[in-house]
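User: I would like to go through some of the labels given to this model and hear the reasoning behind each. Please set the values against the cut-offs as you go.

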Amino acid sequence: MSYEYLDHEADIGIRGIGNSMAEAFAEGARAMFGIMAELEGVKARESVAVHCEAPDAEILFVEFLNELLFQRGIHDLLLSTCQVNELQQGTEGWSLDALAW
C-alpha cells in the first residue's frame, strides 16, 4: 500500500494505492494527512468514526476526505492513519465506514 501526489490545477492531487478499494481509500486519506504534517511523529491516541454515502465511488472518495477534514477540525486532531472497515456498493449507491486515528 502506498500513495502518490499528483499535479493539479487547483492545489494538489492525491492517489491512494492498495490491493482493494478500501485500502486505496485509506492510503488516499494518509496522503491527505501527509500534506498536513510529518506522519512519523504523530501518535495514534484518539479515534474518530466516519460514515459516508455517495452515488458513485469517485464522489464517495471526495466525501470521505471531506468528512475526515471535518472531524479533524471539530475535534482539533491531527489524524495520521485510517482504516476503512466497510466499503460497499448498494442499489442506492456506495457507503463507507472507517476509523481514523
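Analyst: A disulfide is a pair of cysteine sulfur atoms within 2.5 Å. In this predicted model, the structure holds zero disulfides. Cys52 is in no disulfide, and the nearest cysteine sulfur, that of Cys82, is 9.6 Å away.

User: How do you know that the sulfur of Cys82 is too far for a bond?

Analyst: The closest cysteine sulfur to that of Cys82 is in Cys52, at 9.6 Å, whereas a disulfide needs the two sulfur atoms within 2.5 Å; the distance is therefore too far for a bond.

User: What makes Cys52 count as buried, and is Cys82 buried or exposed?

Analyst: Buried means under 20% relative accessible area. Cys52 has 5% relative accessibility, so Cys52 counts as buried. Cys82 has a relative accessible area of 11%, and is therefore buried.

User: Why is Tyr5 called partly exposed?

Analyst: Tyr5, whose place is in strand 1 (residues 2-7), has a relative accessible area of 36%. Partly exposed lies between the limits of under 20% for buried and over 50% for exposed, so Tyr5 is partly exposed. Tyr5 also helps to make a nonpolar surface patch of about 470 Å², together with Ile12, Ile35, Met36, Leu69 and Leu78.

User: How do you know that strand 4 pairs with strand 5?

Analyst: Two strands pair if at least two bridges are found between them, and eight bridges join strand 4 (residues 82-90) to strand 5 (residues 93-100), the two running antiparallel. Within this pairing, Gln83 stands opposite Leu99 in strand 5, and the two strands form a hairpin with two residues between them.

Definitions and conventions
Residues numbered from 1 in each chain as written. Predicted model: local features only at pLDDT ≥ 70, side-chain atom pairs only at ≥ 80, totals over all residues. Heavy atoms only, no water. Buried < 20%, exposed > 50% of the residue type's maximum accessible area, 1.4 Å probe, protein only. Patch = residues over 30% accessible without salt bridge, like charges linked within 9 Å, V, L, I, M, F, W, Y side chains within 5 Å. Areas by Shrake-Rupley, 256 points an atom, 1.4 Å probe, with all protein chains shown as cover. Salt bridge = Lys/Arg side-chain N within 4 Å of Asp/Glu carboxyl O. Helix = DSSP H or I, 4+ residues; strand = E, 2+ residues; numbered from the N terminus.
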